[in-house]
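This report concerns the salt bridges of a single structure. Please examine the sequence and the model shown below before reading on.

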Amino acid sequence: MELELFLLQFFVLLFACAVLQFAVSETIANDTVHAPLVASKNEISKAWCRSGWDISPDKKKCLKYLENSWSWFESEAFCESYSGHLAAVTSSQELIFTKQLCGQSANGCWVGGRGINSSVGFDWKWSDNSSYWNKSLFAGTSSNSNCSSLSCRNNTGADFCTLLNNRTTYLMEERCNKSHAFICMIDVENKCYHMHCHREYLIILAVVSGLILCTTLAVVIWLLAYRRSRKRRKSRKLSNPAASALVPLSWKVFTNEELRSITKNFSEGNRLLGDAKTGGTYSGLLPDGSRVAVKRLKRSSFQRKKEFYSEIGKVARLHHPNLVAIKGCCYDHGDRYIVYEFIVNGPLDRWLHHIPRGGRSLDWAMRMKIATTLAQGIAFLHDKVKPQVVHRDIRASNVLLDEEFGAHLIGVGLSKFVPWEVMQERTVMAGGTYGYLAPEFVYRNELTTKSDVYSFGVLLLEIVTGRRPAQAVDSVGWQSIFEWATPLVQANRYPELLDPLISSSSSEIPEAGVIQKVVDLVYSCTQHVPSMRPRMSHVVHQLQQLA
């Protein structure tokens, strides 16, 4: 009944807005008919350019001279930030006009032409991909170019772009990595000029903007009322004891006293792993004799009990052999705990970097099994869960090993519970390196499943080499794992990438070709362009073939 009443109010409000807009549009139409003519015909038909831009001779483009001395590619990227491109010069009239704009630069200005290798050989085109290439305006090789023949251009693979120079009457060729001033070009906005618009534009603008405003207002009012109604129904539902359970039966809500009992009051003897900044992890023994790991999170005054249980419930429903299962949780006056299943061989980080003298080390077959099973867990989050789950924090310390050395990923959804300042500290590792984090997250705060793929690629290289993502080197200070590995890869010295513990073990050492395929997969996963990285399901397939 309440919903029907809200819908009726909503449509009444929309009808009132429509009537009001009709009246406003009629008023504008009448006022426009009787208003004195303010702008002349020339002013109305004149195209409009932004302040600081000049109109082209054909009145279809706006151009602007920029004195920044940049390469062709940097100049094109800057013009694209204005939703435009470097200038396309298609007629002698435009050539004279752009030369006047470039008159302030002694070294010439970049325009939008660029050489390309096509199926018919070396050719030229404008960066907007639509303007006509007028060969009569192009002189070809500049005095600074050492490459004048077609075969030379094809063989060198160098990039050539077009330069506008006041010392010549044609467009010249120049290497794209040279630095010059440049001229940007954007389309004109030719419907209005200095607020002198045609009457129909004013009417359409008034009607559309008014309808949008009224519709938005009506939707907001209706949503607020509907949300209030839902809260009332929900509160009535929660008042029923049979429907008031906050958690599903598949996991348990522990009390603080129960957790202190099973972890011996969180004693240091029961500590497993963990950063003090995020709380730490402790082993525990349940009354039924099963072992668990209790993750203590940093105290939070911002997250309420209901919100915490809701997030835990979402993660607890994710069941996969290579994900650490959640057994329960606890919320006690801001203290938050997550209870996980116990994984006997502990974190991968310890097996890679903290092996006691004479202790067992991971051979090649074990490492490939760890990588493959870990990839299967991540692929499950990306492909089998709807909506997709991004782990956000794939690292060696978040991978636990069972007694058969299969990998189990821990911390799914945990980044929502980690304090913001701790996540910021994780962004930049020792020596200014970014460790496991993808560049798009570091620089643009973009986070997708491809960010997990990048982190997995870094971890895979760590598994193969036994080196941390950043490591202290006496001669150069801090060195990233890729700064160390890339020269060896380029020299095809793949066996030297292996962890010395693999070479010293009695197990079989992999062939150089197998190592190369794993390293190729690493570099495929860590490409800087996210769309170029493979899906985790493809990574699983590749690793299974190598195993």
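A salt bridge is here a side-chain nitrogen of Lys or Arg within 4 Å of a carboxyl oxygen of Asp or Glu. The model is predicted. Under this criterion, twelve salt bridges are counted. Three of the pairs are set out in the table.

| Pair | N to O distance |
|---|---|
| Arg468 and Asp349 | 3.1 Å |
| Glu440 and Arg533 | 2.8 Å |
| Arg444 and Glu446 | 3.2 Å |

In the pair of Arg468 and Asp349, the closest N and O atoms are 3.1 Å apart. This pair joins distant parts of the chain, with the two positions 119 residues apart: Arg468 belongs to the loop between helix 13 (449–465) and strand 18 (470–473), while Asp349 is in helix 9 (residues 348–353). Arg468 has a relative accessibility of 30% and is therefore classed as partly exposed. Asp349, in contrast, is classed as buried because its relative accessibility is 16%, the cut-off for that class being under 20%.

Glu440 and Arg533 form a salt bridge at 2.8 Å, N to O. Because Glu440 is in helix 12 (residues 439–444) and Arg533 is in the loop between helix 16 (512–525) and helix 17 (536–546), their contact ties together parts that are 93 residues apart in sequence. Both Glu440 and Arg533 are buried.

How exposed are the partners in the remaining pair of the table, Arg444 and Glu446? Arg444 counts as partly exposed, since its relative accessibility is 49%. Glu446, at 37% relative accessibility, also counts as partly exposed.

Definitions and conventions:
Residues are numbered from 1 along each chain as its sequence is written. This is a predicted model: local features need pLDDT of at least 70, side-chain atom pairs count only at pLDDT 80 or more; totals for chains, interfaces and linings use all residues. Side-chain values use heavy atoms; hydrogens and water are left out. Helices (H or I, at least four residues) and strands (E, at least two) are DSSP runs, numbered from the N terminus. Buried means under 20% relative accessible area, exposed over 50%, partly exposed in between (1.4 Å probe, protein chains only).
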